[in-house]
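Thank you all for coming; I would like to take a few minutes to walk through a structure that may be new to some of you. Please have a look at it on the screen first, and then I will take you through it part by part.

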Amino acid sequence: MNNYLGTLLSILVMFLISSGFVQVHTVEQMKQELRELQADAVKKVEAEGNLLPANTGPLLRTYLADEIANKNFRLDINKMNITVSRTTGISDDALTYNDEFLCTLTYEKPKLVAFFQNNKKFVFSIRGTMEPLPYDANP
Amino acid sequence: MSEYSSSLLSLLTFVILFTLSAITFVYEEEQAAVRTVHLQVIKEMAGAGYLDPAVSAYYSDRLRQEGFDNLIGAFFTASHTDPMNRALKPVYSQVDPHVNFVHLETRVKPSFSTEIVNWLRTGNGDFLFRNDRESQYIPFLGG
């Protein structure tokens, strides 16, 4: 222990490794939670059957707030942004029978992660297809 | 003596590194295993409109084979368990969450290290997955 500088460096490295692991684990869990929320949101839109892409915003916002409270996630709804846009389908503008859409979720990164990376937000996108509801199977 | 102490400190650093990597690896493996089973069960449940006891028993056995013990009761808590009262696939643009959705809650007690991480993160040691899923069950109306 006569080498004070070496000892100090060792202790520093010890804390650095621990904090690095905790940070990586936290961010991985955050990403998992975001992906789970987004998959549920896509399912929610698919199950709705018939709605305009403009109406998905408020619907998903209340839904995600409920989900975060219900599942006890450590996420902030104010840092989150979710958009749904129709890609292909037979109808003109609404999301209906078998239409395809793209759901994009963005979330602000934690400060330490954002410092080391170029893009300041997590971006996840999932494609979904509206449920072909059996309105003609059971008249 | 001083060299021994420095070496000991270095060794301690490596031990911490190894322990943390092992803990995070085990955590992610267990989370993935439980999540997979949960999603399988809710898929089967959505297909039938209710959770059959046979399905529940099969997947409980699978979880036990993975090494999880249900010391806290049943693994799966479902909203529909009676085949006479099933969730139905919704008719066009008439979706009612109380009628057309199944709800499943999977609660699993993981290994000790995972439990500590979970407890630090959420205040509860157990893995808990809750999901709603639209029912795919279409009743046969005769004819």
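Let me begin with a term I will need throughout: a salt bridge, as I use it here, is a side-chain nitrogen of Lys or Arg within 4 Å of a carboxyl oxygen of Asp or Glu. A case that fits that wording is the pair B:Glu115 and B:Lys109, where the closest N and O atoms are 3.1 Å apart. As for their surroundings, B:Glu115 is partly exposed, with a relative accessible area of 21%, and B:Lys109 is likewise counted as partly exposed, at 25%.

Before going further, I should say plainly that what you see is a predicted model. Its scores are an ipTM of 0.75 and a pTM of 0.81, and for chain B the average pLDDT is 88, with 96% of the residues scoring at least 70.

Let me turn to the interior. The largest nonpolar core holds 26 residues, and those that touch the most other members are A:Leu34, A:Leu75, A:Met80 and A:Phe101. The elements that give two or more residues to this core all belong to chain A, namely α1 (4-48), α2 (56-71), β1 (80-88), β2 (100-108) and β3 (121-129). The biggest share comes from α1(A), which gives seven residues.

What does A:Leu34 touch, once we leave aside its neighbours within four places in sequence? The contacts are A:Leu75, A:Met80, A:Leu105, A:Tyr107, A:Phe122 and A:Phe124. There is also a second, separate core of 22 residues, which includes B:Val34, B:Val37, B:Ala46 and B:Phe76.

One of those residues, B:Phe76, brings me to a serine in the same chain. B:Ser56 lies in helix α2 of chain B, which covers residues 53-66, and, not counting residues up to four places away in sequence, B:Ser56 touches B:Leu51 and B:Phe76. Is B:Ser56 buried or exposed? With a relative accessibility of 19%, B:Ser56 counts as buried, because the limit for that word is under 20%.

Now to the place where the two chains meet. In terms of contacts, 35 residues of chain A are in contact with 34 residues of chain B. The size of an interface is often given as the accessible area lost when the parts come together, and in this model chain A and chain B bury about 3,300 Å² between them, with 56% of it on carbon and sulfur atoms. Between chain A and chain B, eight residue pairs are in polar contact. On the side of chain A that touches chain B, α1 and α2 of chain A each supply at least two residues, and α1(A) gives the most, with 20 residues.

How many salt bridges cross the interface of chain A and chain B? The rule finds two, whereas a search of the whole structure finds twelve over all chains. As general background, side chains of opposite charge can pair when their charged atoms come close.

Consider A:Glu33 and B:Arg121, whose side chains meet in a salt bridge at 3.2 Å, N to O. This pair crosses between chains, running from helix α1 of chain A, where A:Glu33 sits, to helix α4 (residues 112-122) of chain B, where B:Arg121 sits. A:Glu33 is buried, with a relative accessible area of 8%, and B:Arg121 is buried too, at 13%.

B:Arg35 forms a salt bridge with A:Glu36, and here the closest N and O atoms are 2.6 Å apart. These two residues also belong to a network of salt bridges that links A:Glu36, A:Asp40, A:Glu67, A:Lys71 and B:Arg35.

Within chain A, A:Glu46 forms a salt bridge with A:Lys43, with the closest N and O atoms 3.9 Å apart. Because they are three residues apart in helix α1 of chain A, A:Glu46 and A:Lys43 are separated by about one helical turn. A:Glu46 is buried, with a relative accessible area of 10%, while A:Lys43 counts as partly exposed at 32%.

Finally, a word on A:Asp76, which has its place in the loop between α2 and β1 of chain A. A:Asp76 is partly exposed, with a relative accessible area of 29%, and it lies 64 residues from A:Leu12 in sequence and 32 Å from A:Leu12 in space, C-alpha to C-alpha.

Technical notes: Residues are numbered from 1 along each chain as its sequence is written. Chains are lettered from A and ligands numbered from 1 in the order in which they are written. This is a predicted model: local features need pLDDT of at least 70, side-chain atom pairs count only at pLDDT 80 or more; totals for chains, interfaces and linings use all residues. Side-chain values use heavy atoms; hydrogens and water are left out. pLDDT is the predictor's confidence in each residue, from 0 to 100. A nonpolar core is a set of buried Ala, Val, Leu, Ile, Met, Phe, Trp, Tyr and Cys residues joined through side-chain atoms within 4.5 Å. Buried means under 20% relative accessible area, exposed over 50%, partly exposed in between (1.4 Å probe, protein chains only). Helices (H or I, at least four residues) and strands (E, at least two) are DSSP runs, numbered from the N terminus. Contact means heavy atoms within 4.5 Å. Buried area is the accessible area (1.4 Å probe) that two parts lose on being put together, summed over both. A polar contact is a pair of N or O atoms within 3.5 Å; within protein, one must be able to donate a hydrogen and the other to accept it, and residues adjacent in sequence count only if both atoms are side-chain atoms.
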